[in-house]
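Here is a brief report on one protein chain. Keep the sequence and the 3D view open while reading.

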Amino acid sequence: MTGATYSGSGVDIEAGERAVELMRAAVASTAGPEVLGGIGGFAGLFDAARLAGMRRPLLAASTDGVGTKVVIAQRLGAYDTIGIDLVAMVVDDLVTCGAEPLFMTDYIVCGQIVPERVARLVGGIAAGCVQAGCALVGGETAEHPGHFAPDEFDLSGSATGVVEADRLLGPGRIKPGDAVIAMASSGLHANGFSLVRQVLDQRGLDPESEPAELGMPLGAELIAPTRIYARDCLALARDCQVRAFAHVTGGGLASNLARILPPDADARLDRATWTPPPVFGVLAGHGAIAADEMERVFNMGVGMTAVLAPGDADRAIALLRERGMKAWYLGEVVAGTGRAELAGRHP
């Protein structure tokens, strides 16, 4: 009778070491001169010397994951872009208060470490960090046999950012008369996928099918990575009188915008200003999902909103369009009780 071993229990240390080697170049691609050392240590180091030149730097922190969108990624074997979703969900929360993302760490847990798969996951995270302008300074890859099936994985991440205290955005800056503009989503982003999977499984909707409304396989639409708005929002905050941003995630447009409203103001939004992308109609039709439920669960084509001085709305929209971002006037802030309400009908 031989003794018990770690590998016999399902944990392959050598595979983990191989995964680190395969991801090394991707992680290094995110590092600027502020990053000290490389991966493999017990902690990531970031030189914060430039913060000394700020008048009153406030650190902002955010942690998130990508929810059950990972299940779709597992089904489709799509490992290259789910990391972009992770970065987007974290840094686009950070930027709502005007904070510039500085660095990020990730956590990946697998039932079985397949080095090439882990490297692809981290490669997506690194690509997202490059888009966001932040460094990936470290992370953890764990193998949990018996907890996850061999092909299963999950991932989460945390990021730190900084903003000058006198440039902090939030409810205290918002007042009646302000304008609300919308920035287009790239699709579903990383919310509502438990409902998506219910529609797929209960209605027999095949991810490989190509609904006429989409012009592409449904699975490709579902796995499209979340748009990263961080640099666009920071550019907007530099050039326009932005009061606050609202990242449209779980709960939909109205509830997320309400999170940044002061208690004496409402936001009136007009559905007639945009047409939701076709994927939302496909899901609603096949799942017989009511319109109010769709709006409560999904972003419906609006991934980020900005509240800003009314005189800056046109300039802000033009600036975003110059940067390749579809944006439009969505509504206005009025006196109220801290609610966001949608009126009208989509075209």
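## Helix α2 and its end

Just after α2, G77 takes a positive phi of about 65°. The model is predicted, and every value here is computed from it.

Now look at the helix itself. Which residues of α2 are buried? They are K69, V70, I72, A73 and Q74. The buried residues of this helix pack against α3, β6, α5 and α6, the last of these spanning 218-222. On helices in general: an α-helix has 3.6 residues a turn, so residues three or four places apart point the same way.

## An aromatic pair at Y79

The structure holds four aromatic pairs. One of them joins Y79 and F153. A pair of aromatic rings is described by the distance of the centres and the angle of the planes. For Y79 and F153, the centres are 6.0 Å apart and the planes stand at 65°. This pair is edge-to-face, because planes over 60 degrees apart count as such.

The pair links distant parts of the chain, with the two positions 74 residues apart in sequence. Y79 sits in the loop between α2 (69-76) and α3 (82-94). F153 belongs to strand β6, residues 153-164. Both Y79 and F153 are buried. Y79 has a further partner: the charged end of R117 sits over its ring, 5.9 Å from the centre.

## The four-stranded sheet

Strand β6 is part of an open sheet of four strands. The order is β3-β6-β4-β5, and the pairing is mixed. The edge strands are β3 (57-65) and β5 (135-143), and each pairs on one side only. Neighbouring strands are turned by 15° against each other on average, direction ignored.

How many bridges join β4 and β5? There are eight, and the two strands pair in the parallel sense. Strand β4 covers residues 100-110. Within this pairing, M104 stands opposite L136 in β5. Helix α4, residues 115-132, packs on the sheet. Helix α4 touches β4, β5 and β6. The direction of α4 makes about 165° with that of β4.

## The six-stranded sheet

A second open sheet has six strands, in the order β8-β10-β7-β11-β9-β12. Its pairing is mixed. The edges are β8 (242-247) and β12 (340-343), each paired on one side only. The twist averages 25° from one strand to the next.

Strands β8 and β10 run antiparallel and are joined by five bridges. Strand β10 takes in residues 302-308. In β10, M304 is the bridge partner of H247. Helix α11, residues 313-322, packs on this sheet. Its contacts are with β7 (179-184), β10 and β11 (327-335). The direction of α11 makes about 150° with that of β11.

## R315 on helix α11

R315 lies in helix α11. Is R315 buried or partly exposed? R315 is partly exposed, because its relative accessible area of 45% falls between the cut-offs of 20% and 50%.

Leaving aside neighbours within four places in sequence, R315 is in contact with D239 and C240. R315 and D239 are 76 residues apart in sequence. In space, their C-alpha atoms are 9.0 Å apart.

## H189 and M300

H189 is placed in the loop between β7 and α5, the latter spanning 193-202. Its phi is near 60°, a positive value in a residue other than glycine. H189 counts as buried because its relative accessible area is 2%, and buried means under 20%. The side chain of H189 reaches the backbone nitrogen of S186 at 3.0 Å.

Which residues does H189 touch, not counting those up to four places away in sequence? They are K69, D85, T226, R227, Y229, N299 and G303. Of these, K69 was named above as a buried residue of α2.

M300 also has a positive phi near 60°, and M300 is a residue other than glycine. M300 lies in the loop between α10 (291-297) and β10. At 11% relative accessibility, M300 counts as buried.

How values were computed: Residues numbered from 1 in each chain as written. Predicted model: local features only at pLDDT ≥ 70, side-chain atom pairs only at ≥ 80, totals over all residues. Heavy atoms only, no water. Pairing = 2+ DSSP bridges. Axes fitted to C-alpha atoms, helices over the stretch in contact; angles between N-to-C directions. Contact = heavy atoms within 4.5 Å. Buried < 20%, exposed > 50% of the residue type's maximum accessible area, 1.4 Å probe, protein only. Polar contact = N/O pair within 3.5 Å; in protein donor to acceptor, adjacent residues only side chain to side chain. Phe/Tyr/Trp six-rings, centres within 6.5 Å; stacked < 30°, edge-to-face > 60°. Lys NZ or Arg CZ within 6 Å of the ring centre and 35° of its normal.
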